[in-house]
Amino acid sequence: MSHNAESTAFRSALEVIRAVEPRVADAIGAELTDQRESLKLIASENYASPATLLAMGNWFSDKYAEGTVGRRFYAGCQNVDTVEALAAEHARELFGAAHAYVQPHSGIDANLVAFWAVLADRVESPALKKAQVRQVNDLTEADWFALRRELGNQRMLGMSLDAGGHLTHGFRPNISGKMFDQRSYGTDPATGLIDYDRVAEAAREFKPLILVGGYSAYPRKVNFRILREIADSVGATFMVDMAHFAGLVAGKVFTGDFDPVPHAHIVTTTTHKSLRGPRGGMVLCQPELADQVDRGCPMVLGGPLPHVMAAKAVALAEARRPDFADYAQRIVDNAQALADGLLRRGATLVTGGTDNHLVLIDVSGYGLTGRQAEQALLDSGIVTNRNSVPQDPNGAWYTSGIRIGTPALTTRGLGTAEMDQTAELIHTVLTQTTAGANADGTPSKAKYTLDADLADKVARQATDLLAPHPLYPAINLT
Ligand code: PLP
């Protein structure tokens, strides 16, 4: 395919949009400029391919397709069936999964689908059985009360938020924390690593219905074989949320005990982080859960987004190519180079390094909160996000950490030498930033000072680092 085709496609699309609402066309163009100019170290973001982006912008968006392939509540879904089946086939083949459900609109939605599937599969509820076999009209008020009582208040054991777990793993700001009686496992305070004996102990005491593995901010491999053994020992369903590291599983960087798919009963993911697809989610599961998972829409989800499923099919096809494995390995090589560069310059990293795509800097060693560090880096053209560290004294809002990740910069083609230079830029900003004070003289967790000239200089250096690696090099909108 010629480079020219990509430019023509996006330029033409913008021309058509501009004729209706020029401000939207302008914003889309400005977003490309911003993305091209920023040193993006947000661990959960990436750059999807032009083919993936284009697969989303079309008339598939107009089609309702509640239900699943071959079993729709709407007529005329033959083409949606084609793309949904294709995306599911690619997902099964890529991950070696028995079943794939590609409708979830996001990672949170995928987790909701999984929770429902496990509840419906595992909880003994005669009223639910009646409802499932479509005898809903025969259900009495007492049946409905029983159903709610039986499905509610089930137990979930997941990784604690400050150790790197996700809100949807049973924490209060998410419905999972309100539906489930949750307990969490943390990490060893001395090493920052998961202590599997402690997880086993917590499982024995708490006897969860669901044991959740997976994380948003844990920089190490997780042994899913051991977690499955723990789940089996207490009769729990083992669910893994691989939203962050799906690309490393797809690219066969995580294999054997570190690949969740053969070990978990059910695996959820996003498609837009290290997997580099469109924004969305997916569920992979063992055959016994497939029927419940396929009820995701309308049980939990709104109508499927056929245009996004088309883009998932394209991105998953890309991830099945041999060069994706090379990409996945480079993500990890880059993260390790970034970690080494920071450590050599004196930074403190949670767990002392990384085996995956992300690095968690404990910025308290620089005398800063995560919030101050995040803003100072942003002033200097470096986009990161603040994150709690284990047992964080500054809580989940101000935090004491900065999470950085390499999937996006690796897509642009930056390599390990540039990661070392990036470490230098980050270290320079963090050593030159000083925490500020409130009006009454007490230490502020948000205010900071950083010399504006220094911030500008670092921003220019960041731009220089990116210059040899243009984003979407084939696309020229002018
Ligand atoms: N699960 C994990 C582990 C995540 O890190 C995230 C997002 O950051 C999600 C789920 C939610 O994904 P989404 O934002 O697509 O709903």
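Start by selecting the ligand and the residues around it: S106, G107, I108, H166, Y215, S216, D241, A243, H244, T270, H272 and K273. Keep in mind during the tour that this is a predicted model. By residue type, this shell divides into three nonpolar, seven polar and two charged residues.

**Stop 1: polar atoms at the ligand**

Keep the ligand on screen and show the side chain of S216. One of its polar atoms lies 2.7 Å from an oxygen atom of the ligand. Next, show K273, where a polar side-chain atom lies 2.7 Å from an oxygen atom of the ligand. Then turn to D241: an N or O atom in its side chain is 2.6 Å from a nitrogen atom of the ligand. How much of the ligand does the protein bury? Taken alone, the ligand exposes 390 Å², and the protein buries 85% of that.

**Stop 2: aromatic rings**

A ring pair can be described with two values, the distance of the centres and the angle of the planes. The search of the whole structure finds nine aromatic pairs. Select Y47 and Y472, which form one of them. Their ring centres are 6.5 Å apart and their planes stand at 80 degrees, an edge-to-face arrangement. Where in the chain do Y47 and Y472 lie? Y47 is in the loop between β1 (39-40) and α3 (50-56), while Y472 is in the segment after α20 (452-466), so the pair ties together parts that are 425 residues apart in sequence. Y47 counts as buried because its relative accessibility is 2%, under the 20% cut-off. Y472 has a relative accessible area of 14%, so this residue is buried.

Now select F245 and F254. This aromatic pair is tilted, with 5.9 Å from centre to centre and 50 degrees between the planes. Are F245 and F254 buried or exposed? F245 is buried, and F254 is buried too. To see the surroundings of this pair, add Y215, Y218, F224 and F238: ring pairs link these residues with F245 and F254 into a cluster. Y215 is also among the residues around the ligand.

**Stop 3: backbone details**

Select C297 and P298. The peptide bond that joins them is cis, with omega at about 10 degrees. P298 is found in helix α13, which covers residues 296-299.

Move to N153. This residue is not a glycine, yet its phi is positive, at about 65 degrees. N153 lies in the loop between α7 (141-151) and β5 (155-159). Is N153 buried or exposed? N153 counts as exposed because its relative accessibility is 61%, and the cut-off is over 50%.

Then select K252, a residue other than glycine with a positive phi, near 60 degrees. K252 is found in the loop between α11 (246-250) and β9 (266-270).

**Stop 4: a tryptophan**

The last selection is W397, in helix α17 (residues 395-398). W397 has a relative accessibility of 54%, so this residue counts as exposed. Which residues does W397 contact, leaving aside its neighbours within four places in sequence? They are R371 and R386, so select both and display their side chains with that of W397. Finally, add N387 and show its C-alpha together with that of W397. N387 and W397 are ten residues apart in sequence, and their C-alpha atoms are 8.3 Å apart in space.

Terms used:
Residues are numbered from 1 along each chain as its sequence is written. This is a predicted model: local features need pLDDT of at least 70, side-chain atom pairs count only at pLDDT 80 or more; totals for chains, interfaces and linings use all residues. Side-chain values use heavy atoms; hydrogens and water are left out. A residue is near a molecule or strand if one of its heavy atoms lies within 4 Å of it. A polar contact is a pair of N or O atoms within 3.5 Å; within protein, one must be able to donate a hydrogen and the other to accept it, and residues adjacent in sequence count only if both atoms are side-chain atoms. Accessible areas come from the Shrake-Rupley method with a 1.4 Å probe; for residues, only the protein chains shown count as cover. Ala, Val, Leu, Ile, Met, Phe, Trp, Tyr, Cys and Pro count as nonpolar, Asp, Glu, Lys and Arg as charged, and the others, Gly among them, as polar. Helices (H or I, at least four residues) and strands (E, at least two) are DSSP runs, numbered from the N terminus. Buried means under 20% relative accessible area, exposed over 50%, partly exposed in between (1.4 Å probe, protein chains only). Contact means heavy atoms within 4.5 Å. Rings of Phe, Tyr and Trp (its six-membered ring) pair if their centres lie within 6.5 Å; planes under 30 degrees apart count as stacked, over 60 as edge-to-face and the rest as tilted.
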